[in-house]
Amino acid sequence: MNEIDSLEMAVIDRNAEYWGVEPWELMEEAGRKVASEIESNRSVTLFCGKGNNGGDGFVAARYLFEKECDVKVVLVGKERSIGTDVARDNWLKLKNLDVTLIEGPRKEFYNDLEITSDVVVDAILGVGIKGRLREPVKSAVQAINRAKKSRIVSVDVPTGIDPDTGKGYGVKSDTTITFHKKKKGLNKAKLVDIGIPDKAETHVGPGDLFFLPKRKENSHKGENGRLMVIGGEEYTGAPALSALAALRSGCDLPVIYTKGNKDTISGFSPNLIVRDIKSFDSDKIYKSSSKFDAALIGPGLGRNSESMEEIRRLIDKLDIKKVLDADALHACKKTKTLLRKSIITPHSGEFESLFGKKPSKQLIKEFADQYNCIILKKGKNDIISNGDTIKINESGNAGMTVGGTGDILAGVVSSLVARKDYDFRLTAAASFIVGKAGDQIKKDLGVDGIIATDLLKEIPKVRAEQV
Ligand SMILES: NC(=O)C1=CN([C@@H]2O[C@H](COP(=O)(O)OP(=O)(O)OC[C@H]3O[C@@H](n4cnc5c(N)ncnc54)[C@H](O)[C@@H]3O)[C@@H](O)[C@H]2O)[C@@H](O)CC1
Ligand SMILES: [K+]
């Protein structure tokens, strides 16, 4: 991935923190790198906003002071409205130095301003910009653009420009120093490394939960996902666990379709809706599918040969989003083209049985590409690929090798996909959520004796705590 959008950058920043690099460390490095672009002994005016882009500017001011520059900092906004602790700390540090600080001037200040310094640093807005420029930022940008004799250096993104499109009225900078990855809309920016760890991108983390579907305040029943769960002919607990996990990850209506075991499955919980069917490729399932967003096929299905045949026909026919788990994967063994446009969740044994090779990162990616599907390979570390990108999930623990945890994971994946898109990032987020839920339980129970139903109530908590 060579270019990045602002959401992706927010994900990486959050994951960097999760993997142990604090926001203040990144900001310190960002500001230091900006200062290193500017020569010593210059006069420099820094325009700094109230967000973290402004924070980078405060740090740069400190380093420029050390380089014996004549430093003036204009805080575009009031001190009390500085948005983050880390930016505020860096603002306060400037008060101990012999630099000129101008806090929160009114719009008129910028209208009359004539900038004469050698260098102007634009640290007003970065990737956090939303919509068109508001005052006093707009007037500050106009003042900067009038400074024809100064060298204008923008921090991360020229203020006013949408980093995803390169459009908008903004600072006309001579140099833009952008951090970590090229922003989609900025072609000429100079890229610098600020110490974001590789794991922030190669591994799933809490930042990936930014992609999760959001429940509307005024949403009505069914709007947050309708999911068919198809299975339960041999093991009755499995589809129940999947459906309950789907409910716990915000899906409004999971409905179980099963052959012969309706009463047993219904008896597990009053939260379950269960329908009896005569055959898995019955007209009843197919006709009903148009009312659903996604189908999870496989939990507790078993391998009855008649059912395997029906399941193959069903997978072929269904044109809603599909998640295939357990024996639904067995059903596709001889006709792997059935995997097309589905999400599959095999463990190592199922992967090997399906593809005839032991899983490796490279093979997972290759098969996902070849069969045009998303693979979530379960294991000590889950590996997720859409054939293009690979993500690794390290959450989870050895206590989760018990039966039923896979059904829960399939339920969470299906719920997120039903609520939003057929999406690699949601699949990866599901893997992270379920592992974290298991890690939370381990804190109470230790590693021995965790059971699948323990995970259910932890699932919403993971989301609530991480985002
Ligand atoms: N871990 C991190 O989050 C890091 C962030 N960094 C810097 O932080 C920036 C992102 O920080 P933030 O997310 O705080 O966002 P920004 O600092 O880019 O912008 C947020 C501020 O802009 C204001 N704003 C947004 N749209 C506006 C508009 N149209 N008109 C007027 N004001 C507007 C908001 O009210 C808020 O005060 C990056 O571009 C980068 O410079 C770096 O420090 C590196 C680490
Ligand atoms: K900027």
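# Ligand 1, helix α3 and the two annotated domains

Me: Which residues are closest to ligand 1 in this predicted model?
Reply: In this predicted model, ligand 1 is surrounded by 30 residues. The closest of these are G51, N52, N53, G126 and G128.

Me: Which element gives the largest share of the shell around ligand 1?
Reply: Two elements, α2 and α3, each give two or more residues to this shell. By class, the shell holds 13 nonpolar, 10 polar and seven charged residues. The largest share, five residues, comes from α3.

Me: How far apart are the end C-alpha atoms of helix α3, and what span should its 15 residues have?
Reply: Helix α3 runs over residues 52–66. The expected span is 1.5 Å times one less than the number of residues. For the 15 residues of α3 this gives 21 Å, which agrees with the distance between the end C-alpha atoms, 21 Å.

Me: How many of the 15 residues of α3 are buried?
Reply: A residue is buried if 20 or more other C-beta atoms lie within 10 Å of its own. In α3 the residues that meet this criterion are N52, N53, G54, G55, D56, G57, F58, V59, A60, A61, R62 and L64. The helix is therefore largely enclosed by the rest of the structure, the number of buried residues being 12.

Me: What covers the buried residues of α3?
Reply: The cover includes two helices, α2 (23–36) and α4 (85–94). It also includes the strands β2 (43–48), β3 (70–75), β5 (119–123) and β6 (151–155).

Me: Which residue with a positive phi follows α3?
Reply: After α3 comes a residue whose phi is near 60°. This residue is E68.

Me: What percentage of the residues in the protein are buried?
Reply: The protein has 17 helices and 18 strands, and its C-alpha atoms fill a box of roughly 85 × 40 × 40 Å along the principal axes. Among contacts with a separation of 6 or more, 72% join residues 24 or more positions apart. Of the 467 residues, the buried share is 52%.

Me: What are the helix and strand percentages over residues 204–466, which carry a UniProt domain annotation?
Reply: An unreviewed UniProt entry annotates residues 204–466 as "domain: YjeF C-terminal". The end C-alpha atoms of this stretch are 13 Å apart. Its composition is 43% helix and 14% strand.

Me: How far apart are the end C-alpha atoms of residues 4–202?
Reply: The unreviewed UniProt entry gives these residues the annotation "domain: YjeF N-terminal". The chain there is 36% helix and 19% strand. The end C-alpha atoms are separated by 14 Å.

How values were computed: Residues are numbered from 1 along each chain as its sequence is written. Chains are lettered from A and ligands numbered from 1 in the order in which they are written. This is a predicted model: local features need pLDDT of at least 70, side-chain atom pairs count only at pLDDT 80 or more; totals for chains, interfaces and linings use all residues. UniProt positions are given in the numbering used here, feature names are shortened, and annotations may be inferred rather than shown by experiment. Helices (H or I, at least four residues) and strands (E, at least two) are DSSP runs, numbered from the N terminus. Two residues are in contact if their C-beta atoms, placed from the backbone, lie within 7 Å. A residue is near a molecule or strand if its C-beta atom, placed from the backbone, lies within 6 Å of it. Ala, Val, Leu, Ile, Met, Phe, Trp, Tyr, Cys and Pro count as nonpolar, Asp, Glu, Lys and Arg as charged, and the others, Gly among them, as polar.
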